[in-house]
Amino acid sequence: MKTENPLRVGIALGSNLGNRLKHLQDARDMLRKMAVPDSLKQAPVYQTEPVGCPPDSPDFYNTVIEIGYAGSPHDLLDATQAIEFHLGRTAKPSRNAPREIDVDILYFGEEQIDGEILDLPHPRLTSRRFVLQPLADIRPDLILPGDQVSIAEHLRHLDSNEPPLVTVQAMW
């Protein structure tokens, strides 16, 4: 299924191995090449403590970008997985192990998918400060498909043990 009109798509980027900022920049640049021209919005990059990761995992750099995209959700999933592979991500023996890059589709227009390999909107998006904060920076008024509350409201009422995020770089 290819969409005739490009849809706004939110994508979370994270890295906690190697040159974290460069990994985020490289992933962003690859995603920009498949996006509708001049459609990129990008949040600041934040340093965040690992959530649900093995002990002694390094801190993450996290951000969110939004692009216009004219393909299907599964086409984009294939592309994001190819980007992860290209930037050095390998299958890890444990869940949430440290990684060079993590590229997660957060939302895809008004699509709602509950599938084996893709869930949209991302099921944990509204419970993670490291996703909500950068998304609120670029789309505070966004209401996700199937939801009633804006991203800014979700962030305001977030019940999380995550510490406040530290801005690494506003323009990257």
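Student: Which element gives the largest share of the lining of the largest pocket?
Tutor: Keep in mind that this is a predicted model. The pocket has a volume of about 870 Å³, and among the 37 residues lining it, the closest to its centre are Arg99, Asp102, Asp104, His122 and Arg124. Elements giving two or more residues to the lining are β1 (7–15), β4 (60–69), α2 (73–86), β5 (102–108) and α3 (129–138). The largest share, five residues, comes from β5.

Student: How do the lining residues of that pocket divide into nonpolar, polar and charged?
Tutor: Gly goes with the polar residues in this count, and Asp, Glu, Lys and Arg are the charged ones. On that basis, the lining of the largest pocket divides into 17 nonpolar, nine polar and 11 charged.

Student: Which residues are linked with Asp102 in a network of salt bridges?
Tutor: A search of the whole structure turns up nine salt bridges. Asp102 is one of the residues closest to the centre of the largest pocket, and so is Arg99. Some salt bridges join up into a network, and the one with Asp102 also takes in Glu84, Arg89 and Arg99.

Student: How many residues apart in sequence are the parts that the Glu66 and Arg8 pair ties together?
Tutor: The side chains of Glu66 and Arg8 meet in a salt bridge, 2.9 Å from N to O. Glu66 lies in strand β4 and Arg8 in strand β1, so the pair ties together parts that are 58 residues apart in sequence.

Student: And is Glu66 buried or exposed?
Tutor: Buried means under 20% relative accessible area. Its partner Arg8 is over that cut-off, being partly exposed at 29%. Glu66, with a relative accessible area of 1%, is buried.

Student: What does Ser39 touch, leaving out residues up to four places away in sequence?
Tutor: Ser39 sits in the loop between α1 and β2 (41–42). At 9% relative accessibility, Ser39 counts as buried. Its partners include both residues of the salt bridge we just discussed: Ser39 touches Arg8, Glu66, Ile67 and Gly68.

Student: How far apart are the closest N and O atoms in the salt bridge of Arg28 with Asp29?
Tutor: Arg28 is buried, with a relative accessible area of 7%. Asp29 counts as partly exposed, at 29% relative accessibility. In the salt bridge between Arg28 and Asp29, the closest N and O atoms are 2.9 Å apart.

Student: Which helix holds both Arg156 and Glu153?
Tutor: Arg156 and Glu153 form a salt bridge, with the closest N and O atoms 2.3 Å apart. Arg156 is exposed at 56% relative accessibility, while Glu153 is partly exposed at 27%. The two are three residues apart, about one turn of the helix, and that helix is α4 (residues 151–156).

Student: What is Leu158 in contact with, leaving aside its neighbours within four places in sequence?
Tutor: Leu158 is in the loop between α4 and β8 (166–169). Leu158 is buried, with a relative accessible area of 14%. Leaving those neighbours aside, the contacts of Leu158 are Thr126, Ser127, Arg128, Arg129 and Leu132.

Student: How many of the residues of α3 are buried?
Tutor: Those buried in α3 are Arg129, Phe130, Val131, Leu132, Pro134, Leu135, Ala136 and Ile138. What covers them includes β2, β3 (45–48), β4, β5 and α4. So α3 is mostly covered, and the buried count, out of its 10 residues, is eight.

Student: Which residues have the most contacts inside the largest nonpolar core?
Tutor: In soluble globular proteins, nonpolar side chains tend to be buried together. Here β1, α1 (20–34), β4, α2 and β5 each supply at least two residues of the largest core. That core has 25 residues, and those with the most contacts inside it are Val9, Ile11, Leu13, Leu31, Leu76 and Val103.

Student: What is Leu76 in contact with, beyond its neighbours within four places in sequence?
Tutor: Contact here means heavy atoms within 4.5 Å. Leaving those neighbours aside, Leu76 is in contact with Val9, Ile11, Leu31, Met34, Tyr69, Ile105 and Phe108.

Student: How many residues are in the second, separate core?
Tutor: Among its members are Tyr46, Val131, Leu135 and Leu144. Two of these, Val131 and Leu135, are buried residues of α3. The size of this second core is 19 residues.

Technical notes: Residues numbered from 1 in each chain as written. Predicted model: local features only at pLDDT ≥ 70, side-chain atom pairs only at ≥ 80, totals over all residues. Heavy atoms only, no water. 1 Å grid on protein atoms, 1.4 Å probe; cavity = no way out; pocket = protein on both sides within 12 Å on 5 of 7 lines; lining within 4 Å. Points joined across faces, edges and corners; volume = space filled by probe spheres on them. Helix = DSSP H or I, 4+ residues; strand = E, 2+ residues; numbered from the N terminus. Salt bridge = Lys/Arg side-chain N within 4 Å of Asp/Glu carboxyl O. Buried < 20%, exposed > 50% of the residue type's maximum accessible area, 1.4 Å probe, protein only. Core = buried A, V, L, I, M, F, W, Y, C linked by side-chain atoms within 4.5 Å.
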